[in-house]
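Biologist: I have the sequence and the model open side by side. Can you take me through the contacts and the cores?

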Amino acid sequence: MSAPLYQLRGVEAAYAGEQSVLHVPGLDIARGEILGLAGHNGSGKSTLLKLLGFLMNARTGSLVFDGGLVDHAALRSGHLLRRKAVLLGQDTCLLKRSVAANVAYGLKLRGQPAPRQRIAQALALVGLDFAQYGARPWMRLSGGEARRVALAARLILDPLALLLDEPTTGLDRASTEHVKRAVLSARANHGATLVIVSHDMAWLSSCADRVLTLEEGRIVGGL
Amino acid sequence: MDYFSEGFARAVELLLSLDPETFSAVWATAAVTAMALAASLAIGLPLGFALGHFRFPGRRVARLFVDWMLSLPTVVIGLIVYALFTTRGPLGEWGLLFTVQGMGIGLTLLGLPIIIAMTATAVESTDVRLTETVLSLGADRMQLLFATLSEARFAMALAAASAFGRIVSEVGIAMMVGGNIKWHTRTITTAIALETGKGEFATGIALGIVLMLVALVVNLLVALLRRRAGA
């Protein structure tokens with residue numbers, strides 16, 4: 001059995017100038033696992049996701065990712081870690097470009113080509129048609145469409161880990177189903193590990209292998 | 001009303017006949033505006049970006065200074081530049097007083113704070129969500145800088161258009177530093193002031209028409225950019 005993708009031990013995290021908002025004594029996330037995170041607002045779900053996406057550092061404890069200890073030296077090249085673990089945050093925005101340019105942007109950052117067919121496939125995964133949406137500018141999208149474009153922009157990268165913070169907020173039932181299919185296909189096609197935060201417990205349970213509940217920055221339960 | 005209609009008719013005649021004196025002022029205005037705008041952009045865009053993007057000690061003081069520069073009356077800027085360039089001034093030996101280059105420097109001081117302040121605001125307002133978005137997609141620090149610049153492009157173009165509007169219509173600095181010398185440093189605005197004082201309304205109106213057309217184009221551009229920047 002292969003080692004977990006993430007191993008957290010005695011991890012505490014806090015925002016600058018604040019007391020610790022996250023305490024994780026121990027957490028392993030297996031490769032290819034779909035892990036759900038539930039809990040009330042302010043319970044530490046998004047903070048845990050940012051920690052896993054290397055957008056914030058642990059104050060204490062150790063975090064091992066893909067077999068390597070994430071220490072200060074590793075974080076100096078944080079973009080290399082973030083290219084493997086890609087986050088779709090709650091506050092994620094689109095760039096002031098067309099839909100196709102937004103979806104291709106992450107590949108461009110990696111110096112990879114972004115053929116039209118690949119962009120179309122990523123958009124199809126979230127239920128958007130390239131012919132209809134590809135050239136559309138960012139400001140002519142509804143909130144739900146923008147959210148799905150942002151998800152497509154991450155799916156196209158085939159990351160080791162995909163971290164999704166409330167990916168179905170503002171989406172109708174059909175779009176929510178598209179997101180579920182996209183999540184499952186990311187694992188089936190590329191063996192991606194997914195960590196998903198959602199308030200929609202029914203939807204989360206239908207996607208995830210297990211769901212952890214957080215309360216006041218601590219994991220208090222799991223299904 | 002004849003007074004106006006005759007003035008307007010003569011103005012159209014001057015413009016259609018490409019009157020050399022009228023167009024001398026138009027070309028002087030174009031030259032000095034292009035010079036001042038280019039310098040304001042070259043210096044102001046990087047400074048505005050740094051002020052909006054980076055957190056450094058003294059940043060708030062720097063911001064206050066730029067805002068203070070924005071509110072300086074143009075005659076005061078003209079006075080300072082005049083004092084620097086006059087033969088008895090510290091830069092008098094450069095011989096820039098009553099030259100197009102001297103006017104360009106004076107007008108750069110007018111445009112520069114506009115570019116810095118608006119660019120800084122544009123960069124600040126895009127930073128909050130953009131930084132996390134771009135970093136989460138795997139950008140390194142340089143890529144983040146370029147992405148931020150690229151996202152602020154409409155707002156920065158708006159800053160350029162605003163500075164252009166202010167520079168092209170300025171009269172105080174142009175008059176004091178340029179000296180309103182015919183065929184040389186006489187711009188549209190200083191010519192209007194002079195011709196009106198002499199009772200030559202036709203020339204004044206002709207030049208006013210040119211300035212109003214420029215203002216109309218700039219305002220249309222600003223409205224378009226504001227819509228795109230705010231979208």
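**Contacts, a kink and two cores**

Biologist: How many residues of chain B are in contact with chain A?
Modeller: Keep in mind that this is a predicted model. Contact here means C-beta atoms within 7 Å. On the chain A side, 19 residues take part; on the chain B side, the number is 13.

Biologist: Which helix of chain B gives the most to the side that touches chain A?
Modeller: Two helices of chain B each supply at least two residues there: helix 5 (100-136) and helix 6 (141-151). That side divides into five nonpolar, four polar and four charged residues. With six residues, the top contributor is helix 5.

Biologist: Where in helix 2 of chain B does the kink lie?
Modeller: Helix 2 covers residues 20-53 of chain B, 34 residues in total. Its span from first C-alpha to last is 48 Å, close to the 50 Å expected. The kink is about 35° and comes shortly before the proline B:Pro46, at B:Gly44.

Biologist: Which helix gives the largest share of the largest nonpolar core?
Modeller: That core has 75 residues. Those with the most contacts inside it are A:Val103, A:Ala152, A:Leu163, A:Leu194, A:Val195 and A:Ile196. Beyond its neighbours within four places in sequence, A:Val103 is in contact with several residues, including A:Ile119, A:Leu123 and A:Ala152. The largest share, seven residues, comes from helix 4 (residues 99-109) of chain A.

Biologist: How many residues are in the second, separate core?
Modeller: Its members include B:Ala36, B:Met103, B:Leu158 and B:Ala161. The count for this second core is 54 residues.

Key:
Residues are numbered from 1 along each chain as its sequence is written. Chains are lettered from A and ligands numbered from 1 in the order in which they are written. This is a predicted model: local features need pLDDT of at least 70, side-chain atom pairs count only at pLDDT 80 or more; totals for chains, interfaces and linings use all residues. Two residues are in contact if their C-beta atoms, placed from the backbone, lie within 7 Å. Helices (H or I, at least four residues) and strands (E, at least two) are DSSP runs, numbered from the N terminus. Ala, Val, Leu, Ile, Met, Phe, Trp, Tyr, Cys and Pro count as nonpolar, Asp, Glu, Lys and Arg as charged, and the others, Gly among them, as polar. The expected span of a helix is 1.5 Å times one less than its number of residues. The bend at a residue is the angle between axes fitted to the seven residues ending there and the seven starting there. A nonpolar core is a set of buried Ala, Val, Leu, Ile, Met, Phe, Trp, Tyr and Cys residues joined through C-beta atoms within 7 Å. A residue is buried if 20 or more other C-beta atoms lie within 10 Å of its own, exposed if 12 or fewer, and partly exposed in between; C-beta atoms are placed from the backbone.
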